[in-house]
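Open your viewer, show the chain as a cartoon, and keep the selection box handy. We will go from stop to stop, picking a few residues each time.

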Amino acid sequence: HSFPTRRLSDLESLLEKIDRDAPDAEALMSLNMALAKEYADIADYSRSFDHLVRGKSAGASRRDYSIERDEALFAAITTCFPEPVTTTDGHPSAEPIFIIGMPRSGTTLVERIISSHPDVKSAGELMNFGMALKQMSGSRTPALVDADTIERTCNIDWARLGEIYLSSTRPATGQKPRFVDKLPHNFLYAGHIARALPNARIVCLRRNPMDTCLSNFRQLFAPNSAYFDYSFDLLDTGRYYVLFDRLIKHWQRVLPGRILVLDYETLVDSQEVSSRRLLEFCGLSWHEDC
């Protein structure tokens with residue numbers, strides 16, 4: 001192959017830094033992730049993946065993570081909502097549209113489609129619901145969400161939770177009839193959302209498991225967020241996907257009719273048909289901009 005001189009110079013420079021500077025774990029992670037990108041760009045996928053594994057492994061060494069922590073969290077969630085939710089004792093607002101799913105599964109595409117509607121504003125990836133829940137739980141653990149937090153919120157004032165969440169989104173929201181909250185990991189809170197906001201819409205994206213896991217492993221997410229600790233090991237990423245898959249099936253059982261599950265591949269192949277179904281579920285009229 002014949003590659004641009006600049007590309008080869010980039011590779012040589014990065015390799016020299018690793019060999020010469022004996023960088024710390026964070027630098028080693030960044031340098032290897034950069035090399036993974038460089039090698040992928042010249043279609044040397046074997047070397048790219050090797051540096052990806054090295055980079056993520058260096059990143060993992062800076063974290064105290066075990067999949068058992070997330071297994072305990074997911075178990076607490078399903079225990080908190082064992083049976084179908086039929087009550088509607090939450091806040092009556094129908095403003096929020098929650099887009100949930102694994103990261104890198106098409107949630108941004110759906111956000112763009114819905115927020116193209118003139119009655120909808122995109123509020124971005126809000127941490128507000130999880131923070132409102134943590135506040136109401138009284139849990140003093142350092143994590144925003146963990147088994148302790150969930151166990152303390154199985155029977156709370158649902159209308160109050162909805163009110164705290166909505167109030168916390170102002171003044172960014174309230175300017176249009178509806179708004180989109182596109183934090184993928186809100187799938188952890190789908191039961192709480194359904195109880196606190198019985199008229200809110202929840203849309204869940206699903207993508208091919210192999211594509212989802214590889215895309216999560218390749219991505220360097222927000223470095224200080226515990227949401228993404230699983231993504232520093234490929235096996236942990238696969239294990240986390242299994243937990244996600246089981247939880248979404250649980251939500252479909254205990255929250256009948258509350259979650260619209262969309263397949264990313266179907267959305268891409270049949271965008272208008274999928275978009276019409278999406279808008280109908282959200283209670284929005286069709287608009288060509290979508």
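The tour below begins with strands, moves to a helix and a surface patch, and ends with charged pairs.

The model is predicted, so please keep the ground rules in mind: local features need pLDDT of at least 70, side-chain atom pairs count only at pLDDT 80 or more, and totals for chains, interfaces and linings use all residues. Residues are numbered from 1 along each chain as its sequence is written, and side-chain values use heavy atoms, with hydrogens and water left out.

**Stop 1: strand β1**

Select residues 96-101, which make up strand β1. Helices (H or I, at least four residues) and strands (E, at least two) are DSSP runs, numbered from the N terminus. How many of the 6 residues of β1 are buried? The count is 6 of 6, and the strand is mostly covered. Here buried means under 20% relative accessible area, exposed means over 50%, and partly exposed lies in between (1.4 Å probe, protein chains only).

Now show the side chains. In a regular strand they alternate between the two faces of the sheet. Pro96, Phe98 and Ile100 point one way from β1, while Ile97, Ile99 and Gly101 point the other way. Residues on both sides are buried.

**Stop 2: the neighbouring strands**

Keep β1 on screen and add residues 178-181, strand β3. These two strands pair in the parallel sense over 3 bridges; two strands count as paired if DSSP finds at least two bridges between them. For one contact to label, take Pro96, whose bridge partner in β3 is Phe179.

Next add β4, residues 201-206, which pairs with β1 in the parallel sense over 5 bridges. Which residues of β4 should you label? Phe98 has Ile202 as its bridge partner, and Ile99 has Val203. Strand β4 is mostly covered too, with 5 of its 6 residues buried.

From β4, carry on to β5, residues 259-263. This pairing is again parallel, over 5 bridges, and Leu205 finds its bridge partner in Leu262 of β5.

**Stop 3: helix α3**

Select residues 45-60 for helix α3. The helix has 16 residues and reaches 22 Å from its first C-alpha to its last, close to the 22 Å expected at 1.5 Å a residue. That expected span is 1.5 Å times one less than the number of residues.

Colour the buried residues of α3: Ser48, His51, Leu52, Gly55, Lys56, Ala58 and Gly59. They cover an arc of only 155° around the axis, which puts them on the same side of α3. The arc is that of the directions from the helix axis to the C-beta atoms.

**Stop 4: a nonpolar patch**

Switch to a surface view and select Phe49, Val53, Leu214 and Leu234, which make a nonpolar surface patch of about 290 Å². Patches are made of residues with over 30% relative accessible area and no salt bridge; like charges are joined within 9 Å, and nonpolar side chains (Val, Leu, Ile, Met, Phe, Trp, Tyr) within 5 Å. Leu214 belongs to helix α10, residues 209-218, and counts as partly exposed at 38% relative accessibility.

**Stop 5: salt bridges**

How many salt bridges does a search of the whole structure find? There are 15, each being a side-chain nitrogen of Lys or Arg within 4 Å of a carboxyl oxygen of Asp or Glu.

Start with Arg47 and Asp44, whose side chains meet at 3.8 Å, N to O. Asp44 is partly exposed, at 23% relative accessibility.

Then select Asp89 and Arg195, with their closest N and O atoms 3.3 Å apart. This pair links distant parts of the chain: Asp89 sits in the loop between α4 and β1, and Arg195 in helix α9 (residues 190-196), 106 residues apart. Asp89 is partly exposed at 38%, whereas Arg195 is buried at 14%.

Finish in helix α11, residues 234-254, where Asp236 and Arg239 lie 3 residues apart, about one turn of the helix. Their side chains form a salt bridge of 3.0 Å, N to O. Which partner is buried and which is partly exposed? Asp236 is buried, with a relative accessible area of 13%, and Arg239 is partly exposed, with 39%. As a last selection, take Arg63, Arg69 and Asp229, joined into one network by salt bridges that share partners.

Technical notes
Accessible areas come from the Shrake-Rupley method with a 1.4 Å probe; for residues, only the protein chains shown count as cover.
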